[in-house]
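Hi,

Here is the structure I said I would pass on. Have a look at it first, and my notes on what turned up follow below.

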Amino acid sequence: MPNSFADLVEQVAPAVVNITTTAVVSQPTNGPMFPEGSPFSDLFREFGFPGMPGPGQQAPGGRGMPPQRSNALGSGFVISADGFIVTNNHVIDGADEIEIEFYSGKRLPATVVGRDPNTDVALLKVEGDEALPFLEFGDSDAARVGDWVLALGNPLGQGFSASSGIISARNRELSGTYDDYLQTDAAINRGNSGGPLFNLEGEVIGVNTAILSPNGGSIGIGFSMASNVVSSVIHQLQEYGETRRGWLGVKIQDVTPDMAEALGLSTEHGAMVTDVPDGPAKDAGMRAGDVITSFDGGDVQDTRSLVRRVAEAPAGEAVDVVVMREGNPETLSVTLGRRELAEGTSSGEEGGPADSSGSSEVLGMSLAPLTPEVAAELGLSRDATGLVINEVNPESAAAEKGLAPGDVITEMGQQPVATVADLDSRIDEAREAGRKSVLVLIRRAGEPRFVALPVGEE
């Protein structure tokens, strides 16, 4: 346990900055709002309540007071002698003016170089005549739970402040696709956002971003975006002014123990491919039902690790992807696309219950062949094939797995099914192979999902 953090604070503090932003915001009326013509508005106007318009007048700005300038505070840190500064995107989002206050008291205006809402990171730049003290990123992957850390920033607008604690947890996920937070009990409050989290070597291993609190104050649960994520984003913002993440072009889900058993996998690690739309993966020969176990030489534990690995890989480069297909590993060379160009919204619509005519009972489900009319109602192409679920026995394993009327079974045992006879054949094959369950690919509102259903004994 260190006797004092004073030497470390003296070493790193000159590169930590306070950030003040100014923005024009609409102001609501100072008084209560009443429906037009309400007698209460006349009452409050008679007593001179501010913001209440007179007869035949409209309140300034339509409903309230005129727009006013609003200030907000945050923190940041310098990463280069020529004035690049890292902070949180939410600190500068919507700002008209950004001012940087240095440890010496000097103030400079800043411009936005680039920002990434997905990781809540922004890169700023100041211009000056003198070289600035700056900080280096450390390796957040080397940080361990229990390590001492130091947080510097501008909590609650009180100016430069230091707090110490330990790393309480790693690899926390809050809400974003690329989240990788270090959790710390070092005191972090509003105004600390964008400030650095240091290890004892004075390296930045995190950017203080969020707190978990019922009252808005520190209760010892703070989150810092891991430096390995931030440094990758900052490098792209410096070079391009925007992020350029890799894109594989697959839909995936985690491999569950029963899915691993159904596929004959030795472990439940990896990411199951549920759909391969047009894109890099499809061009490389990847198929729905493949399990991605390795990406660019590194093992894939689950979908989250794959998404992060792909995002960190450069767009346009070829990488080796190892998949398990029918029990055997295959290596595919995939030239990654760029996620920002490929992102779009799903057009699938929720479908209602399907026609139950000609249905059959299998594994606790009432099934019927998919017709062009029903496919169109469910948001699928009219030439889609499969079996639509009309009813699910609430006591069945299918119900336990979340299957519902309107779902469409398109594959079982990684083979297409178009009739109930196809389904029965896949179930018999699974039983003959000694499997306890069979892998089923369903589509719900057009979105694919794998489910392992127990087949039991005949």
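**Salt bridges, a core and a patch**

R338 counts as buried, because its relative accessibility is 18% and the cut-off for buried is under 20%. Keep in mind that this is a predicted model.

I started with R338 since there is a salt bridge between it and E242, with the closest N and O atoms 3.2 Å apart. The E242 end is another story: at 31% relative accessibility, E242 counts as partly exposed. The two come from distant parts of the chain, 96 residues apart, with E242 in the loop between α4 and β14 (246-247) and R338 in strand β21 (residues 337-338). They also belong to a network of salt bridges that links E242, R244, R338 and E340.

Searching the whole structure gives 20 salt bridges, and two others are worth a look. R325 pairs with D290, and their closest N and O atoms are 2.7 Å apart. R325 sits in strand β19 (residues 318-325) and D290 in the loop between α6 (280-283) and β17 (291-295), so this bridge ties together parts that are 35 residues apart in sequence. Both R325 and D290 are buried.

Then there is R426 with E429, a salt bridge at 3.3 Å, N to O. This one stays within helix α11 (residues 420-432), where the partners are three residues apart, about one turn of the helix. R426 counts as buried at 12% relative accessibility, while E429 is partly exposed at 36%.

On to the nonpolar side. The largest nonpolar core has 26 residues, and V86, L135, F198 and I234 are the ones with the most contacts inside it. Elements giving two or more residues to this core include α1 (6-12), β3 (84-88), β12 (204-211) and β13 (222-226). The largest share, five residues, comes from α4. As background, nonpolar side chains tend to be buried together in soluble globular proteins.

Last, the surface. E136, D139, D141, E201 and E203 form a negative patch there. Of these, D139 is in the loop between β7 and β8, and D141 lies in the loop between β7 (121-125) and β8 (148-153) as well. D139 counts as partly exposed, at 41% relative accessibility, and D141 also counts as partly exposed, at 46%. One more distance for you: the C-alpha atoms of D139 and N199 are separated by 9.8 Å, with their positions 60 residues apart along the chain.

Cheers

Terms used
Residues numbered from 1 in each chain as written. Predicted model: local features only at pLDDT ≥ 70, side-chain atom pairs only at ≥ 80, totals over all residues. Heavy atoms only, no water. Patch = residues over 30% accessible without salt bridge, like charges linked within 9 Å, V, L, I, M, F, W, Y side chains within 5 Å. Areas by Shrake-Rupley, 256 points an atom, 1.4 Å probe, with all protein chains shown as cover. Salt bridge = Lys/Arg side-chain N within 4 Å of Asp/Glu carboxyl O. Lys, Arg positive; Asp, Glu negative; His and termini not counted. Charge placed at Lys NZ, Arg CZ, Asp CG, Glu CD. Helix = DSSP H or I, 4+ residues; strand = E, 2+ residues; numbered from the N terminus. Buried < 20%, exposed > 50% of the residue type's maximum accessible area, 1.4 Å probe, protein only. Core = buried A, V, L, I, M, F, W, Y, C linked by side-chain atoms within 4.5 Å.
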